[in-house]
Amino acid sequence: MSDRGGTTDGGTDGLGATRGAEDLGATVAALTADDIAPARRRQLLTRMVGQARARGISDLFKPRAAVRWMVDTVAEIAPHVPVRDLDTLRQHFPGLDDAALADRLIRNASRTTAAIGAAGGGVAAVEWAVAPTLLSAPVLLAAETVAVVAVELKLVGELHEIHGVALPAAGSQRAVALVHSWATQRGVNPMVPGVGVGAVLGTAARKELRDMLLRRFGRNLTTLGPFLTGAAVASFLNRRATQQMADQLQVDLRRRGIARPAPPAALPGPPTGT
């Protein structure tokens, strides 16, 4: 099997790689939900590690190889990240004005990335108890980093919706816009024509993404703390980093955004979102 998850039966490499990317994308999309139980989150993160290893990854002990894998994987999973439009967000969180809605999304995303850090720390705690399984530690760190980025990509897209800053409609152009906005922590410029994922991530934006991922990957080393200390520290750092990213992005989005009337008052009853 090749390092990119191909097969040896000729002519099926592309199909196998596509299916592998879709399966990984589906797992990551499930991890971005903010209302799943801790046990389910650990299960999904463990599945993601297994999917990464099944694709022939063997050299993630090398930092450059790990970051290169993460850059490629973020590009692959970005189109699968579910971004709700403004109408859907208002249905999920009725009665909230734009500012309150943004605060709610940031709070939920911060809790989710904190939970991913805790889940990764929980998996690592098991690995400390069974030393030989530490061989999968670099894959766990890379998988956790990509999962956190996916949550934040979803938050980036939904904050654009709230602030009225247009994203490309769908597909690779939207994925590129989300990745670039996340890497630079700035809003999307709708005047810049979109191009394919490979083209954009082959230029300066790829370096920005790589540098940001390297910082996140280094921070996630705390996950490997013995017992559950890694879970606690990784949870705190993930929550803080997501909050900081969102705060900085919103400064730019407020400058670019458009003013809209407040949504109509909701009927009595608790919000459907959490």
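This report covers the fold, core, cavity, salt bridges and a few single residues of a predicted model.

## Fold and burial

The protein has 10 helices and 0 strands. Along the sequence the pattern reads α-α-α-α-α-α-α-α-α-α. Of its 274 residues, 47% are buried. Long-range contacts weigh heavily in the contact list. Among contacts with a separation of 6 or more, 79% are between residues 24 or more positions apart.

## Nonpolar core

The largest nonpolar core holds 59 residues. L153, L159 and W182 have the most contacts inside this core. Helix α6 gives the most to the core, with 15 residues. The general background is brief: nonpolar side chains tend to be buried together in soluble globular proteins.

## Salt bridges

The count comes to 4 salt bridges. Three of them are tabulated here, with the closest N and O atoms of each pair.

| Basic partner | Acidic partner | N to O distance |
|---|---|---|
| R84 | E158 | 2.8 Å |
| R90 | D98 | 3.0 Å |
| R186 | D252 | 3.8 Å |

Take R84 and E158, whose side chains meet in a salt bridge. R84 sits in the loop between α3 (63-77) and α4 (86-92), while E158 belongs to helix α6 (residues 137-163), so the pair ties together parts that are 74 residues apart in sequence. Are these two partners buried or exposed? R84 has a relative accessible area of 17%, so R84 is buried, under the 20% cut-off. E158 is buried as well, with a relative accessible area of 2%.

The bridge between D98 and R90 has its closest N and O atoms 3.0 Å apart. R90 counts as partly exposed, at 21% relative accessibility. That value falls in the class between buried, under 20%, and exposed, over 50%.

The bridge between D252 and R186 comes next, at 3.8 Å. This pair links distant parts of the chain, 66 residues apart. D252 lies in helix α10 (residues 229-256), and R186 lies in the loop between α7 (171-184) and α8 (197-200). D252 is buried, with a relative accessible area of 8%. R186, at 42% relative accessibility, is partly exposed. Which residues join R186 in one network? Salt bridges that share partners connect R186 with D252 and R255.

## The cavity

How many cavities of 30 Å³ or more does a search of the whole structure find? The search finds 1. The largest cavity contains about 80 Å³ of space. Its lining consists of T32, D34, R84, L105, N108, A109, V151, K154, L155 and E158. By residue class, the lining divides into 4 nonpolar, 2 polar and 4 charged.

Two helices, α5 and α6, each supply at least two lining residues. The largest share, 4 residues, comes from α6. Helix α6 also gives the most residues to the largest nonpolar core. R84 and E158 are both in the lining, and these two residues form the salt bridge at 2.8 Å.

## T112 and A33

T112 is placed in helix α5 (residues 98-129). T112 counts as buried, at 2% relative accessibility. Which residues does T112 touch, apart from its neighbours within four places in sequence? They are L31, T32, A33, D34, R41 and V151. Of the cavity lining, T32, D34 and V151 are among the residues that T112 contacts.

A33 lies in the loop between α1 (13-31) and α2 (38-54). Leaving aside neighbours within four places in sequence, A33 contacts R41, T112 and K154. R41 thus appears in the contact lists of T112 and of A33. A33 and A109 are 76 residues apart along the chain, and 8.7 Å separates their C-alpha atoms. A109 is one of the residues lining the largest cavity.

## A backbone exception

Most residues other than glycine have a negative phi. Q185 has a positive phi of about 55°, although it is not a glycine. Where does Q185 lie? Q185 is in the loop between α7 and α8. R186 lies in that loop too. Q185 is buried, with a relative accessible area of 13%, whereas R186 is partly exposed at 42%.

Methods
Residues numbered from 1 in each chain as written. Predicted model: local features only at pLDDT ≥ 70, side-chain atom pairs only at ≥ 80, totals over all residues. Heavy atoms only, no water. Buried < 20%, exposed > 50% of the residue type's maximum accessible area, 1.4 Å probe, protein only. Contact = heavy atoms within 4.5 Å. Core = buried A, V, L, I, M, F, W, Y, C linked by side-chain atoms within 4.5 Å. 1 Å grid on protein atoms, 1.4 Å probe; cavity = no way out; pocket = protein on both sides within 12 Å on 5 of 7 lines; lining within 4 Å. Points joined across faces, edges and corners; volume = space filled by probe spheres on them. Nonpolar A, V, L, I, M, F, W, Y, C, P; charged D, E, K, R; others polar.
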